[in-house]
Amino acid sequence: EIPSTPAVAPINGWVPDAALPCYGLPGAIAPLGFFDPLGFTSNRELVGVKRIREAEVMHGRVAMMAVIGYLIGENTPTIAYGFDHPTIANNQIPEVPGTVLFPFFLAINIAEAFR
């Protein structure tokens, strides 16, 4: 008997399987296994599941960079607070004018919408 070829080419040894949750994407680890309590991936096509997975990885990376930025901002002396003591990172964001923050967050939202 000739083995059937998958409909989708394997990617790094992973072949999508519609019978498995999240099409069997790697990443379900013990003790939780497959974890989707709000059902974001239920009734989604493969492209949608892969998009959600990509967004999850991207937002995790942004969060890691935010922590680094927070720690550097907290421990780096600045002109505004003087060079003799560290900066308080929580006081920095309210000091940025809204005319700077609004276009910044608008650009982020536009980039996310077209990703």
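What percentage of the 115 residues of the protein chain count as buried? The figure is 11%. The model shown is predicted.

**View 1. The whole protein chain, with two helices and zero strands.** The accessible surface comes to about 9400 Å². Carbon and sulfur atoms account for 68% of that surface. Take the contacts between residues at least 6 apart in sequence: 24% of these join residues at least 24 apart.

**View 2. Helix α1, residues 46–75.** This helix has 30 residues. From its first C-alpha to its last, helix α1 reaches 44 Å, close to the 44 Å expected at 1.5 Å a residue. Its buried residues are L46, V49, A55 and G73.

**View 3. The largest nonpolar core, with six residues.** W14, C22, Y23 and L25 belong to this core. L46 and V49 complete the set; both are also among the buried residues of helix α1.

**View 4. The surroundings of C22, a residue of the largest nonpolar core.** Neighbours within four places in sequence are left aside here. C22 is then in contact with F34, T41 and V49. Of these partners, V49 is also listed in the largest nonpolar core.

**View 5. A nonpolar surface patch made by F102, L106, I110 and F114.** The patch covers about 470 Å². L106 is found in helix α2, which runs over residues 98–113. L106 counts as partly exposed because its relative accessibility is 38%, and partly exposed lies between the cut-offs of under 20% for buried and over 50% for exposed.

Conventions: Residues numbered from 1 in each chain as written. Predicted model: local features only at pLDDT ≥ 70, side-chain atom pairs only at ≥ 80, totals over all residues. Heavy atoms only, no water. Patch = residues over 30% accessible without salt bridge, like charges linked within 9 Å, V, L, I, M, F, W, Y side chains within 5 Å. Areas by Shrake-Rupley, 256 points an atom, 1.4 Å probe, with all protein chains shown as cover. Salt bridge = Lys/Arg side-chain N within 4 Å of Asp/Glu carboxyl O. Helix = DSSP H or I, 4+ residues; strand = E, 2+ residues; numbered from the N terminus. Buried < 20%, exposed > 50% of the residue type's maximum accessible area, 1.4 Å probe, protein only. Expected span 1.5 Å × (residues − 1). Contact = heavy atoms within 4.5 Å. Core = buried A, V, L, I, M, F, W, Y, C linked by side-chain atoms within 4.5 Å.
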